[in-house]
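Biologist: Got the model open? Let's go through it together, starting with the terms.

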Amino acid sequence: MQDFTSNTNGTLDIQDSSYGTYQVNNVHGMWSFYLGHVGMAQFGPPKNDEYTSDGGTRQDFQAHYLTWNSTNGVVQH
């Protein structure tokens, strides 16, 4: 796990696991949500990078997934 600050993706974390190497970034607030909700202990590692889904974005983790849209913000599933 390595934290970075970038001009494109804001604050982000890069994690390497058996799923691969993926970032959890703060473009839509997912990194802040992940950290604020126990991070690795609750979600496990990311299974992919953010991708477009249902008019917003989604990122899958070992135990849950997060979605973001402009109406609801970040939501845990």
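Modeller: Sure. Buried means under 20% relative accessible area, exposed over 50%, and partly exposed in between (1.4 Å probe, protein chains only). This is a predicted model: local features need pLDDT of at least 70, side-chain atom pairs count only at pLDDT 80 or more, and totals for chains, interfaces and linings use all residues. Residues are numbered from 1 along each chain as its sequence is written, and side-chain values use heavy atoms, leaving out hydrogens and water.

Biologist: Is Arg-58 buried, partly exposed or exposed, and what about its salt-bridge partner?

Modeller: A salt bridge needs a side-chain nitrogen of Lys or Arg within 4 Å of a carboxyl oxygen of Asp or Glu. The structure holds 1 of these, and Arg-58 meets Asp-60 in a salt bridge at 2.6 Å, N to O. Asp-60 has 13% relative accessibility, so Asp-60 counts as buried. Arg-58 sits at 23%, so Arg-58 is partly exposed.

Biologist: Which side chain does Asn-25 touch through a polar contact?

Modeller: Asn-25 lies in strand E3, residues 20–25 (a strand is a DSSP run of at least two residues, numbered from the N terminus). Asn-25 is buried because its relative accessible area is 7%. At 3.3 Å, its side chain has a polar contact (here, N or O atoms within 3.5 Å, one able to donate a hydrogen and the other to accept it) with that of Gln-23.

Biologist: How far is the C-alpha atom of Gln-23 from that of Asp-13?

Modeller: Gln-23 is in strand E3 too. Gln-23 and Asp-13 are 10 residues apart along the chain, and their C-alpha atoms are separated by 5.4 Å.

Technical notes:
Helix = DSSP H or I, 4+ residues; strand = E, 2+ residues; numbered from the N terminus.
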